[in-house]
Structure formats: structure tokens, C-alpha cells
Amino acid sequence: MSERVGPGARLLVTGGAGFIGSELVRQLLARRDGTRVTVLDKLTYAGNRANLAAVEEDPEQADRFAFVRGDIADASLVEPLIAEADAVLNVAAETHVDRSILDPEAFLRTGVIGVHVLLEAVRREHERAGRGDRLPVRFLQVSTDEVYGDIEAPRRSVEADPLAPRSPYAAAKAAGELLVRAYGTTYGLDAVITRGSNTYGPHQHPEKLIPLFTTNALEGEPLPMYGDGMQVRDWLHVGDHASGIDFVLRHGESGEAYNIAGDHLLPNREVIGLLLAATGRDWSIVRTVPDRPGHDRRYAMDGSKLAALGWRPSVPFADGLPATVAWYRDHPDWIASAKSGDWDAYYARQYGDRLAAGRAVDGTA
Ligand code: NAD
Ligand code: TYD
């Protein structure tokens, strides 16, 4: 497979101030191969410019880095940025399933309209490339295993499976993917899609399971486990997710989608047990609370398509999880900043009634 985007490439990374985007930007620039990165990020409640401090404080990396605050759905902002890029990595999205159930609209605005605006700008550049006015631009859409929907054991999703999203978040991600595929087919854009599994690691917003339960456990607050806690997720370290995206950017075949699987399936109860051990707590702080509506029981992907190209995850969960807990323990200021703004209102809305109805959990069961 030929290298599509080599050293010295100019990359536009949307959502680069978020959890996975900032790890991707740190990796891309730390390679010190001349790659230039522009981040376009709206800095929603989930974005944090401090996630990029390692890059901005390193003079050599800072020199190859630019930050633009703005919305991917803003065509006048997006067009000149894409005109200067060799590749666009669309990492930006609204990303939390529970928030998508409370307020779906922002998910559609960013996940559908935003993707469309990016694709239109890429299409313009593709036409310029066709006239010989510039080199072709590659578009990489970051998607998720949630587009496959609920997967019954022992099946694992493969890339050719139909998309069957079941939450507003997953539906918006599936819609974004379908637009990308349609633009590839109709206009001939060079586009690839990645579908990553549940990701964990430093800098993840505390609304998600692992950082929420870690930070609550560190603070001695209750842990709201949805239903019986037997839902299964495939856990992927953020370093691996970012390296998988970078690998697909360089080696992925145009028009193809690639699963980035963690290959580490666990029921939530087991994850919670490991988090309790890592934070020195016991099951007395865990509450079973009313379930998330439409909660997918199981996600599981087959990662062999990407493995055949030469990529596999490298961080074992047994190492990544305690290291993640240690990172949160060492970064109380980061947690305080993430749990500011609308956090208290969100927490009350999502968990107030649930925790009031919550019951103790027998951790030995
Ligand atoms: P995140 O919520 O931590 O970060 C999202 C970033 O996008 C934030 O910096 C936010 O400010 C920015 N953003 C949101 N809307 C924007 C807009 N309209 N214009 C510009 N910027 C905008 O998300 P994450 O967990 O890092 O996820 C990144 C991507 O990976 C998403 O596309 C998500 O669907 C996908 N994904 C995430 C996971 C996971 O477990 N976290 C798993 C698979 C796929
Ligand atoms: P989450 O981190 O929201 O990711 P996703 O919904 O994208 O898989 O949730 C992971 C699992 O943890 C999922 O089965 C829902 C469950 N969960 C809880 O039990 N309690 C919580 O408070 C949260 C946020 C998630």
C-alpha cells in the first residue's frame, strides 16, 4: 500500500482540542517529520485548549501548529482552511450518547450539516486538483462502532455490515459516514472512514463511563451504573485510537471503511470492579440506576481488515486503565475545569432522579 500523506503534509484536524483529536495532534507533531497541523475546533464544553499545551509549549512543534476557533458548519471559515490542506481529518462531533438523548439537535448540526460543509469544500478542492491547480486532498471521517448498533454475542461487526444505529448520536455518526461515502462515489473524492471502539485514556471528558466513575470514586461520590451493568464494550486506548486513525490516513484504500477495534471486550461491571480497585474504593459507592433508554447491550468489532494492512492496538487494558486513573488523580485542575460550565446542570438532569431511585449493588453477584 503506498503512503498517501507523507512527511511535511499539511493536515487540517477538526475537533483537535477534544479527547481523541488532541492525542492525534500530539502524535502527529511529536513525530517531528515536518508535518504541519491546523486545528479547527469550536471549543464546546468538550473542547479544551489546554489539551494541546504539550504542542503549544514546544517551540519546534508550535512552529508547525495553528489553532482556529470555529465551527465545521461555517463554510466561510472552512473553505480557506481546506484550500491549504493536503488532508482533512474530521474528528469533530458531539460525542455523548446521554446528551444526544436529552438534546439531539446539536448532534445533527455538527454530525450531518458540518460534515456536508466540509465535504463541499473538499469537493471544490478536488475540482481544482482535476484542473491541475493543486494536489488532491484526502478526507478522513472519524466514525464509531456504534453505527453497527447492538451486536448479539458471539458476532463481531465487519466493515461490510449494514449500519443500524439506535441512538441519536449513532444515527448522526451513520448519516455523516453515508454522506462521506456518497461524495466519494458521486464526485470521486478520496475519502476513508475509521470506526473506532470505546476509547479511554487521559483528557477524556468526565461525562463518559471511565472518567466519570474514576473522578467520582476519587471524590467519594456515588457511581451510577445503568441497569444490570452487563452491557459489553470493546475498550481501546486513546493512543491506539489515534495511531489507528493516522495509519488509515496513510495506508487506507480510498472509499473504504476500517474498524479500529480494541479487541478487549468487557462487561461494564468488570470495568467498574477494576476502577474500584485502582481508586481504593469498594462496591458500596456503586448504585444501580434506571437504564439509558435504548441502551445497546453489546458492541464488538472484527479488526482483521486493518490488521491485514499492518495495524494492531498495542496498549493492554491492564496497563492503560491504572495509568488513566493515575492521570486523573494527578490532574485535579483539569477535572475541575471539565466539571465547570454546564456540568452541574447536566449532572442534575442526567443523574438527579436516577440516583434518587438508585439501589445498592452486590459486587460479588
Ligand atoms: P470529544 O467530545 O472529546 O471532542 C470533540 C471535539 O470536537 C471537542 O474539542 C469539540 O469542541 C469539537 N467540536 C464539537 N462540535 C464542533 C463543531 N461543530 N465544529 C468544530 N469543532 C467541534 O470527542 P472524542 O471522544 O475525542 O471523539 C472524537 C471523535 O471520535 C468523534 O467523531 C467521535 O464520534 C469519535 N469516536 C469516539 C469514541 C470514544 O469512545 N470517545 C469512540 C469511537 C469514535
Ligand atoms: P459511555 O462512556 O457513555 O460510552 P458509550 O455509550 O458510547 O458506549 O458508556 C459506556 C458504557 O457505560 C455504556 O454501556 C453505558 C454505561 N454507563 C453507565 O452505566 N453509567 C454512566 O453513568 C455512564 C456515563 C455510562
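Here are some worked exercises on the predicted model shown above.

**Exercise 1. Work out how ligand 1 is held: which residues come nearest, and which atoms pair up with it?**

Step 1: start with the neighbours. There are 30 residues around ligand 1, and Ile20, Asp41, Thr95, Tyr169 and Lys173 come nearest.

Step 2: look for polar pairs. On the backbone side, a polar atom of phenylalanine 19 sits 3.0 Å from an oxygen of ligand 1, and a polar backbone atom of lysine 42 is 3.1 Å from one of the ligand's nitrogens. From a side chain, an N or O atom of threonine 95 lies 2.7 Å from an oxygen of ligand 1.

Step 3: check the cover. On its own, ligand 1 has 840 Å² of accessible area, and the protein covers 97% of that.

Step 4: sort the shell by element and by type. Helix 1 (19-30), strand 5 (138-144), helix 7 (168-187) and strand 7 (198-200) each give at least two residues. Strand 5 supplies the largest share, three residues. By type, the shell splits into 11 nonpolar, 15 polar and four charged residues.

**Exercise 2. Do the same for ligand 2: what surrounds it, and what are its polar partners?**

Step 1: count the shell. You'll find 20 residues around ligand 2, with Glu146, Arg233, Arg292, His295 and Tyr351 closest. They divide into nine nonpolar, five polar and six charged.

Step 2: pick out the polar pairs. A polar side-chain atom of arginine 292 is 2.5 Å from an oxygen of ligand 2. An N or O atom in the histidine 295 side chain lies 2.7 Å from a ligand oxygen. A nitrogen of ligand 2, meanwhile, is 2.8 Å from a polar backbone atom of proline 224.

Step 3: check the cover here too. The protein hides 96% of the 510 Å² of accessible area that ligand 2 has on its own. Two or more shell residues come from each of helix 5 (97-102), helix 8 (209-219) and strand 8 (223-226).

**Exercise 3. Take histidine 295: is this residue buried or exposed?**

Step 1: place it. Histidine 295 is in the loop between strand 12 (286-289) and helix 11 (304-309).

Step 2: apply the cut-off. Its relative accessibility is 11%, so histidine 295 counts as buried, the limit being under 20%.

Step 3: list its company. The histidine 295 side chain makes a polar contact with the side chain of aspartate 291 at 2.6 Å. Leaving out neighbours within four places in sequence, histidine 295 touches Arg166, Tyr226, Gln231 and Arg233.

**Exercise 4. Find the largest nonpolar core: which residues touch the most other members?**

Step 1: name the hubs. The core has 34 residues, and Val13, Val25, Phe65 and Leu89 touch the most other members.

Step 2: trace where the core comes from. Elements supplying at least two residues include strand 1 (10-14), helix 1, strand 2 (36-41) and helix 9 (238-251).

Step 3: zoom in on one hub. Not counting residues up to four places away in sequence, valine 25 touches Val13, Gly16, Val37, Val39, Leu52, Val55 and Phe65.

Step 4: look for a second core. Apart from this one lies another of 25 residues, among them Leu212, Leu223, Leu276 and Val289.

**Exercise 5. Scan the backbone: where is a cis peptide bond, and which residue has a phi near 75°?**

Step 1: check omega. At about 0°, it marks the bond joining alanine 153 and proline 154 as cis. Proline 154 belongs to the loop between strand 5 and helix 7.

Step 2: check phi. Histidine 203, in the loop between strand 7 and helix 8, has the positive value near 75°. Leucine 43 also has a positive phi, near 55°, and lies in the loop between strand 2 and helix 2 (53-56).

Terms used
Residues are numbered from 1 along each chain as its sequence is written. Chains are lettered from A and ligands numbered from 1 in the order in which they are written. This is a predicted model: local features need pLDDT of at least 70, side-chain atom pairs count only at pLDDT 80 or more; totals for chains, interfaces and linings use all residues. Side-chain values use heavy atoms; hydrogens and water are left out. A residue is near a molecule or strand if one of its heavy atoms lies within 4 Å of it. A polar contact is a pair of N or O atoms within 3.5 Å; within protein, one must be able to donate a hydrogen and the other to accept it, and residues adjacent in sequence count only if both atoms are side-chain atoms. Accessible areas come from the Shrake-Rupley method with a 1.4 Å probe; for residues, only the protein chains shown count as cover. Helices (H or I, at least four residues) and strands (E, at least two) are DSSP runs, numbered from the N terminus. Ala, Val, Leu, Ile, Met, Phe, Trp, Tyr, Cys and Pro count as nonpolar, Asp, Glu, Lys and Arg as charged, and the others, Gly among them, as polar. A nonpolar core is a set of buried Ala, Val, Leu, Ile, Met, Phe, Trp, Tyr and Cys residues joined through side-chain atoms within 4.5 Å. Buried means under 20% relative accessible area, exposed over 50%, partly exposed in between (1.4 Å probe, protein chains only). Contact means heavy atoms within 4.5 Å.
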